[in-house]
Amino acid sequence: MNEEAQWSAVDAYLCDTLVPSDTALDAALEASARAGLPNINVSPNQGKLLHLLARMQEARTVLEIGTLGGYSTIWLARALPPGGSLTTLEINPDYARLAGENIERAGLAATATVRVGDAVHTLRRLAEERAGPFDFVFIDAKKEYNPQYLEGVLALSRPGTIIVCDNVIRGGRVTDSATDDPDVQGVRRYFELVAGNPRLSSTAIQTVGSKGWDGFAISRVER
Ligand code: DHB
Ligand code: MG
């Protein structure tokens, strides 16, 4: 077995053992596949990690950037207590509609709201609407725009807000300072910004699994 196959086999074992399958989550993935969405949703064990992190944070408000089919949205919305709310931002109206259906099927329509549009713009609108501060943020949209997302998110944060950013390793390409890949440049700039921001305490972790070699950045807003 090659390395990638081994990583996937271990993920399958972990998911079979620790992350029971679930009608609404399975239906969300099936509907996403049927509609031809890219198969880039978080894996089940990653979804549950996000869910547990949001619960550890005792989050009542969650902001997600990049809805896709709403799979991670469902994991995060399920972490919220009664009265909690999640706002998720999606630029593609077809994805947003499908995500809305998946969220509804999961019984979370009253908890999770999909906002359609360019997330950089929607983040500004949310600040104007005084929508923040959010307790927990998951950034998982166009990697090229991670720096702009971070700026928008910080305006919607408070001391104690947790910010998780997906896909920050990109198969190891993150270390290529000469890259002309705008996604890798976006991730590298994101790291520079969080590292240089005295409001933030940050780290990152590499992961291997069914999605290959990638990782998460995590920051806590300290002040
Ligand atoms: C891609 C995007 C993601 O959010 C992800 O988790 C994996 C891959 C991509 O655009 O390739
Ligand atoms: Mg991702």
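These legends describe several close-up views of a predicted model.

**View 1. Three side chains hold the magnesium ion (ligand 2).** Asp140 and Asp166 each coordinate the ion through OD, and Asn167 does so through OD1. The distances run from 2.0 to 2.1 Å. Along the chain, these donors follow the spacing D-x25-D-N. Asp140 lies in the loop between strand E4 (136-139) and helix H7 (146-154), while Asp166 belongs to strand E5 (residues 162-166), so the pair ties together parts that are 26 residues apart in sequence.

**View 2. The donor residues of the ion, seen for their exposure.** Are they buried or exposed? Buried means under 20% relative accessible area. Asp140 has 17% relative accessibility, so it counts as buried. Asp166 has 3% and is buried too. Asn167 is also buried, with a relative accessible area of 8%.

**View 3. Ligand 1 sits in the largest pocket.** Which residues surround ligand 1? They are Ile40, Asp140, Lys143, Asp166, Asn167, Arg170 and Lys211. Asp140, Asp166 and Asn167 also coordinate the magnesium ion (ligand 2).

**View 4. Oxygen atoms of ligand 1 approach protein atoms.** One contact is with the side chain of Lys211: an oxygen atom of the ligand is 2.5 Å from an N or O atom there. Another involves the side chain of Asp140, where an oxygen atom of ligand 1 is 2.7 Å from an N or O atom. At Ile40 the partner is a polar backbone atom, 3.3 Å from an oxygen atom of ligand 1. Taken alone, ligand 1 exposes 290 Å², and the protein buries 70% of that.

**View 5. Helix H7 is largely enclosed by the rest of the structure.** Why? Seven of its nine residues are buried. These are Asn146, Pro147, Tyr149, Leu150, Gly152, Val153 and Leu154.

**View 6. The peptide bond from Gly132 to Pro133 is cis.** Its omega is near -10°. Most peptide bonds are trans. Pro133 is found in the loop between helix H6 (119-128) and E4.

**View 7. Glu58 and Asn167 have a positive phi.** Most residues other than glycine have a negative phi. Glu58 is not a glycine, yet its phi is about 50°. Glu58 is found in the loop between helix H3 (44-56) and strand E1 (61-65). Glu58 is exposed, with a relative accessible area of 66%. For Asn167, phi is about 65°, again in a residue that is not a glycine. Asn167 is found in the loop between E5 and helix H8 (182-196). Unlike exposed Glu58, Asn167 is buried.

Technical notes
Residues numbered from 1 in each chain as written. Chains lettered and ligands numbered in written order. Predicted model: local features only at pLDDT ≥ 70, side-chain atom pairs only at ≥ 80, totals over all residues. Heavy atoms only, no water. Donors = N, O, S within 2.8 Å, 3.2 Å for Na, K, Ca; no water. Helix = DSSP H or I, 4+ residues; strand = E, 2+ residues; numbered from the N terminus. Buried < 20%, exposed > 50% of the residue type's maximum accessible area, 1.4 Å probe, protein only. Near = heavy atom within 4 Å. Polar contact = N/O pair within 3.5 Å; in protein donor to acceptor, adjacent residues only side chain to side chain. Areas by Shrake-Rupley, 256 points an atom, 1.4 Å probe, with all protein chains shown as cover. 1 Å grid on protein atoms, 1.4 Å probe; cavity = no way out; pocket = protein on both sides within 12 Å on 5 of 7 lines; lining within 4 Å. Sits in = over half its atoms within 2 Å of the grid points.
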